[in-house]
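This report concerns aromatic contacts and backbone conformation in one protein chain. The sequence and structure are shown first.

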Amino acid sequence: MRSPSQESLTMGFAGGSNATPSQVVNQVGSVTPEHFAHAQALLSQLPESLRLGAREQQSAMAIALALALDTENLQIQERQIAWLREVQPADLVEKTLELSNEISQLDSRIRLPLVDLAVPILRQNAKECQRLCKCIHGLIVATGSLSLWHFVLQLILWHRLQPSINPASTTTVEFTSIEQIWPDSLLILSVIARVGHSQPDASTEDIAYAFRSGVFRLPKAGEQEKPEKPLSCNFTELKKSIERLRLATPKLKQAIVDACAHTVLLDNKVTPSEADLLRAIAMTLDCPIPPFLNPQPSVSKQKQPSPKRS
């Protein structure tokens with residue numbers, strides 16, 4: 001059994017890849033010395049204030065809140081901060097703003113490893129976990145819309161903190177065949193394909209090809225009805241499908257992660273948004289992906305295309 005610190009370190013990864021889908025899927029849920037060394041090297045590049053802050057309750061809370069602040073629209077961020085001042089103590093708000101300035105200088109691909117670093121200390125207090133989840137939700141509502149990053153952040157925090165908030169909760173298997181979750185699987189792959197080809201030069205053919213490539217990795221794909229192009233959906237529908245897929249057998253969940261990985265790595269390019277979403281889906285399906293992407297990540301901020309708000 002891995003320790004909590006190892007778990008949090010080995011679940012983080014960054015965008016960009018030379019890995020093949022089969023290499024990725026074969027390592028799902030496993031931890032090797034190379035994975036651990038990679039994650040340590042990545043996190044060692046964090047500013048000391050963030051590394052040390054993730055070990056202290058208030059600073060870990062501030063890190064999570066800072067990650068929910070909008071960094072692209074200052075008017076929206078000001079609205080979030082004004083709301084935060086109404087519901088949280090002044091010292092926590094100031095700590096959030098202080099750490100937000102540091103986080104904004106980091107490469108966006110370090111955000112999820114930073115969440116993982118803060119989770120162990122956050123889990124120690126169930127009431128603080130509930131308080132944080134409600135506050136993250138409030139900050140997202142204050143933006144007036146939901147971005148892909150906010151969806152990913154909320155999904156992962158909820159999943160990682162639930163064992164502390166509700167220790168008695170269990171997940172029971174309800175779906176044992178791909179037919180029962182086929183529409184949900186198609187929807188997940190549709191979103192993955194669209195996110196991976198959101199660049200201006202991407203064509204509808206590229207998106208459709210990535211989608212179909214993932215679909216054919218699903219069990220009994222030849223026996224199921226397969227649309228020619230990805231399905232359309234919103235974040236609410238996506239979340240419902242992910243929640244349904246959580247009730248599938250471990251073997252089916254593994255197959256879905258396999259299909260997602262093939263969709264992402266089909267063009268040998270992994271954007272930060274793709275990496276975030278793939279990892280959020282895999283983790284929520286209890287198939288955490290080790291740090292296989294970008295062997296030598298840079299923590300310094302690089303300009304990345306931002307996902308469209310929905």
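F151 is buried, and F235 is likewise buried. The model in which these residues are described is a predicted one.

**Aromatic pair**

A pair of aromatic rings is described by the distance of the centres and the angle of the planes. The count of aromatic pairs comes to one. That pair consists of F151 and F235, whose ring centres lie 5.0 Å apart with 20° between the planes. The arrangement counts as stacked because planes under 30 degrees apart are classed in this way. The pair links distant parts of the chain, since F151 belongs to helix α10 (residues 148-165) and F235 to helix α13 (residues 235-245), with the two positions 84 residues apart in the numbering.

**Charges over tryptophan rings**

Two tryptophan rings carry a positively charged side chain over the face, as listed below.

| Charged residue | Ring | Distance to ring centre |
|---|---|---|
| R111 | W149 | 3.8 Å |
| K239 | W158 | 5.8 Å |

**Positive phi values**

Most residues other than glycine have a negative phi. K220, which is not a glycine, has a positive phi near 55°. K220 is located in the loop between α12 (204-215) and α13. Is K220 buried, partly exposed or exposed? K220 counts as partly exposed because its relative accessibility is 46%.

D286 also is not a glycine, and its phi is positive at about 65°. The residue is found in the segment after α15 (272-284). With a relative accessible area of 44%, D286 is partly exposed.

Key. Residues are numbered from 1 along each chain as its sequence is written. This is a predicted model: local features need pLDDT of at least 70, side-chain atom pairs count only at pLDDT 80 or more; totals for chains, interfaces and linings use all residues. Side-chain values use heavy atoms; hydrogens and water are left out. Rings of Phe, Tyr and Trp (its six-membered ring) pair if their centres lie within 6.5 Å; planes under 30 degrees apart count as stacked, over 60 as edge-to-face and the rest as tilted. Helices (H or I, at least four residues) and strands (E, at least two) are DSSP runs, numbered from the N terminus. Buried means under 20% relative accessible area, exposed over 50%, partly exposed in between (1.4 Å probe, protein chains only). A charge sits over a ring if NZ of Lys or CZ of Arg is within 6 Å of the ring centre and within 35 degrees of the ring normal.
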